Amino acid sequence: MTNDLANLDDGALVGMPPARRDAAFREIMRRHREPLYRLVRGLTGDPEEALDIVQEVFASAYRHLHRFDPARPLRPWLARIAINRSRDWHRRRRLRRFLGLGLDATEMVADDAPLADAALAARQRLDLAWRAIARLPAPLRETLLLRTVEGLSQAETAEILSITPKAVETRLYRARAQLAAMLGDEG
């Protein structure tokens with residue numbers, strides 16, 4: 001049964017009858033969990049929170065699947081939900097800081113697991129890049145992640161963000177310039 005679902009496109013999976021809807025949605029999750037995780041990881045800068053947010057994205061998508069138009073691509077719809085959930089996470093985090101509730105203690109403790117020098121250096125460069133991406137303003141960060149990390153087209157990115165393709169181009173240019181400046185300052 002899983003093999004026949006793997007051969008269907010997303011629209012056909014969304015349109016499955018109720019008896020096969022759960023299996024169809026498992027296939028949708030299998031297809032889209034990695035790209036969504038990368039997107040959310042980039043938006044939040046927190047790998048643990050990204051896992052939780054992706055679960056929330058799929059739960060929300062499942063609840064609202066009846067609203068989705070199967071004639072349209074599913075990935076931009078899921079990405080829009082992921083961006084909204086990530087924005088909510090940032091708002092909650094800012095509110096906790098404002099109220100003085102602080103952050104989880106694990107966020108303040110450095111990972112001191114011993115690694116080989118080369119692996120450590122690579123990991124540090126990657127962490128530095130993710131932190132820099134997380135510091136970009138949300139509109140620039142979202143555009144950069146959708147275009148560069150997720151490989152969506154300019155038109156798909158514009159549709160997800162509800163902006164023009166020209167605005168995508170401008171935001172991408174600004175995001176890359178700010179990222180280069182931040183990495184130049186820290187690297």
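A residue counts as buried when its relative accessible area is under 20% and as exposed when that value is over 50%, with partly exposed in between. Keep this in mind as you look at the whole chain, which is a predicted model. Of its 187 residues, 35% are buried.

**Stop 1: the whole chain**

Switch to a cartoon view. You should find nine helices and zero strands, so if we take "α" to stand for a helix, the pattern along the sequence reads α-α-α-α-α-α-α-α-α. Now turn on the surface: the accessible area is about 11100 Å², and carbon and sulfur atoms hold 55% of it. How much of the contact in the chain, at a separation of 6 or more, is between residues 24 or more positions apart? The share is 59%.

**Stop 2: aspartate 10**

Select aspartate 10, which you will find in helix 2, residues 10-14. Is aspartate 10 buried or exposed? Its relative accessibility is 17%, so aspartate 10 counts as buried. Next, show the side chain of histidine 32: there is a polar contact between this side chain and that of aspartate 10, at 2.9 Å. Leaving aside residues up to four places away in sequence, aspartate 10 touches Arg31, His32 and Leu74.

**Stop 3: the aromatic rings**

Three aromatic pairs are present in the structure. For one of them, select phenylalanine 25 and phenylalanine 58. Their ring centres are 6.1 Å apart and their planes stand at 85°, so this pair is edge-to-face. The cut-off behind that name is an angle over 60 degrees between the planes. Follow the backbone from each ring: phenylalanine 25 belongs to helix 3 (residues 21-44) and phenylalanine 58 to helix 4 (residues 47-63), so the pair ties together parts 33 residues apart in sequence. Both phenylalanine 25 and phenylalanine 58 are buried.

Now select phenylalanine 68 and tryptophan 77. This aromatic pair is tilted, with 5.0 Å from centre to centre and 40° between the planes. Phenylalanine 68 has a relative accessibility of 8%, so it counts as buried.

Before you move on, add Tyr62 to your view of Phe25 and Phe58: these three residues form one aromatic cluster.

**Stop 4: two helices that cross**

Colour helix 7 (residues 138-149) and helix 8 (residues 154-161). Their axes come within 9 Å and cross at roughly 140°. The crossing of helix 7 with helix 8 is right-handed. Which residues make the contact? From helix 7, show Glu142, Thr143, Leu146 and Arg147; from helix 8, show Gln154, Thr157, Ile160 and Leu161.

**Stop 5: arginine 135**

Go to arginine 135 in helix 6, residues 117-135. Its relative accessibility is 45%, so arginine 135 counts as partly exposed. Now add methionine 182 and draw a distance between the two C-alpha atoms. Arginine 135 and methionine 182 are 9.1 Å apart in space by that route, although 47 residues separate them in sequence.

**Stop 6: serine 162**

For the last stop, select serine 162. Where does serine 162 sit? Its place is in the loop between helix 8 and helix 9 (165-186). The phi angle of serine 162 is near 55°, which is a positive value in a residue other than glycine. At 65% relative accessibility, serine 162 lies over the 50% cut-off and therefore counts as exposed.

Note on methods
Residues are numbered from 1 along each chain as its sequence is written. This is a predicted model: local features need pLDDT of at least 70, side-chain atom pairs count only at pLDDT 80 or more; totals for chains, interfaces and linings use all residues. Side-chain values use heavy atoms; hydrogens and water are left out. Helices (H or I, at least four residues) and strands (E, at least two) are DSSP runs, numbered from the N terminus. Buried means under 20% relative accessible area, exposed over 50%, partly exposed in between (1.4 Å probe, protein chains only). Contact means heavy atoms within 4.5 Å. Accessible areas come from the Shrake-Rupley method with a 1.4 Å probe; for residues, only the protein chains shown count as cover. A polar contact is a pair of N or O atoms within 3.5 Å; within protein, one must be able to donate a hydrogen and the other to accept it, and residues adjacent in sequence count only if both atoms are side-chain atoms. Rings of Phe, Tyr and Trp (its six-membered ring) pair if their centres lie within 6.5 Å; planes under 30 degrees apart count as stacked, over 60 as edge-to-face and the rest as tilted. Axes are lines fitted to C-alpha atoms, for helices over the stretch in contact, and angles run from 0 to 180 degrees between N-to-C directions. A crossing is left-handed if the near helix is turned anticlockwise from the far one by less than a right angle, and right-handed if clockwise.
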